[in-house]
Amino acid sequence: MTGGLDTGRLEDLAAIEAADPEGMLRQVASSAAQVREALLLAAEAGVAALAADGRPRAIVVAGMGGSGMSGDVLAAVCGPGCPIPIVTVRGYRLPGWVGAADLVMAVSCSGSTEETLAVAAEAVRRGCRMLFVGGEGSPLAGLAEQSRGPFVPVRSVGQPRSTLWGLTVPLIVAARELGLVRAPDALLEAVAARLEEVAHRCRPGSETFVNPAKRIAAELAGDVPMVWGSSPLAAAAAYRFCCQLNENAKYPGVFGELPEADHNQVVAFDGFFARGGSGAADGDDDDDFFRDRVDDAEHGLHLVVLRDTDEHPQVSKRREVSVELARARGVAVTEIAAEGDHPLERIASLIALADYVTVYLAIALGVDPTPVSAIQELKARIV
Ligand SMILES: O=P(O)(O)OC[C@H]1O[C@@H](O)[C@@H](O)[C@@H](O)[C@@H]1O
């Protein structure tokens, strides 16, 4: 379904509702409630008991799409100083090194994603320590019952990707009990309050000039977004941003992380998708012909930089210069700063805004943010 690009739609509540028939905005607005509910469900499921066997050698999170994202959030929140590796496996195979000394967290909102089930079943066969997070009555819940691993039920709010916090909080509680991150209940409540605050700022009734998500969506509409994170934590949010561009807005998004993006993606500022600018043309006739065509283009490359407060000092310099290079070449730039002190607050603030931006972008483009028909068709054709 496409109604065509019309950013004016973002100013009209009735138009927003009509463009979001399955209520993706409501799903996104439930993030804070998910944090609170998941905290209770994790306690009821006895996640704390995982600590009885001591710290595992490594944590492996198995999950796809929105569920795999929970592993990236966990690793970002435990941070670069985490004493054990935290690895997200997105695929069918459990790496050969994973064994009984390791903790495998199998995460699937539906509880029926084939890659996740394959990895979880293999982990059970190898005698790994297990934690299951997913839909009640699902094949994943069945596997949890057979293997007697703790199972945290998740109530989907609609789509797996909008149930991110229900899927992620149990993992953070487990990591906290294992002494890998300081995340008392009060912190989780502060995160919930921050998610509520973002939801309020980005609510459908708030107009573009005061609504950061609508403003950024209107800026991005028609451009090719290149989304960079300025730390591993911000990079996890940048990846989420791109996935949400894909699934909510049915839109491309190019993911990058500093400093690596300065060694490859930065060169795209001089290429076909850049609108051009003072720094780009070099007088070569062929290049200038090419450049003129791009200069005239209404839309082009758009650098979105997710800024973390905890940046390596050299990366801060790289970020600043990268933005200068982009602007000098006519590449539009949007910078988004993480809010809060604790890594969980910072990543939650970035993800929450990105979630809203991508839903408003869908609405501005006239596409329904909820269905993912290409994924459904793909799954049906590989049975
Ligand atoms: O969380 P589960 O149910 O395993 O889904 C994992 C992923 O599956 C995909 O095919 C889509 O539905 C994604 O939006 C989702 O994030």
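In the predicted model, the end C-alpha atoms of residues 47-197 lie 29 Å apart, and this span is 41% helix and 15% strand. The boundaries of the segment come from UniProt, where an unreviewed entry lists residues 47-197 as "domain: SIS".

The ligand occupies the space of the largest pocket. Its shell consists of Met64, Gly65, Gly66, Ser67, Ser108, Cys109, Ser110, Thr113, Pro160, Glu247, Ile375 and Lys379. When these residues are sorted by class, six are polar, four are nonpolar and two are charged. With regard to secondary structure, helix H4 (65-78) and helix H14 (373-381) each contribute at least two residues to the shell. The largest share, three residues, is supplied by H4.

Polar contacts to oxygen atoms of the ligand involve both backbone and side-chain atoms of the protein. On the backbone side, an N or O atom of glycine 66 is placed 2.8 Å from a ligand oxygen atom. A polar backbone atom of cysteine 109 likewise lies 2.8 Å from an oxygen atom of the ligand. The side chain of serine 110 places an N or O atom 2.6 Å from an oxygen atom of the ligand. Taken alone, the ligand exposes 390 Å², of which the protein buries 91%.

Two features of backbone geometry were also noted in the model. Most residues other than glycine have a negative phi, and most peptide bonds are trans. Arginine 148, which is not a glycine, nevertheless has a positive phi of about 55°. This arginine is located in the loop that links helix H6 (139-147) to strand S5 (151-153). The second feature concerns the peptide bond from leucine 258 to proline 259, which is cis, with omega near 10°. Proline 259 belongs to the loop between strand S7 (254-257) and helix H11 (285-296).

How values were computed: Residues numbered from 1 in each chain as written. Predicted model: local features only at pLDDT ≥ 70, side-chain atom pairs only at ≥ 80, totals over all residues. Heavy atoms only, no water. Near = heavy atom within 4 Å. Polar contact = N/O pair within 3.5 Å; in protein donor to acceptor, adjacent residues only side chain to side chain. Areas by Shrake-Rupley, 256 points an atom, 1.4 Å probe, with all protein chains shown as cover. 1 Å grid on protein atoms, 1.4 Å probe; cavity = no way out; pocket = protein on both sides within 12 Å on 5 of 7 lines; lining within 4 Å. Sits in = over half its atoms within 2 Å of the grid points. Helix = DSSP H or I, 4+ residues; strand = E, 2+ residues; numbered from the N terminus. Nonpolar A, V, L, I, M, F, W, Y, C, P; charged D, E, K, R; others polar. UniProt positions renumbered as here; feature names shortened; annotations may be inferred.
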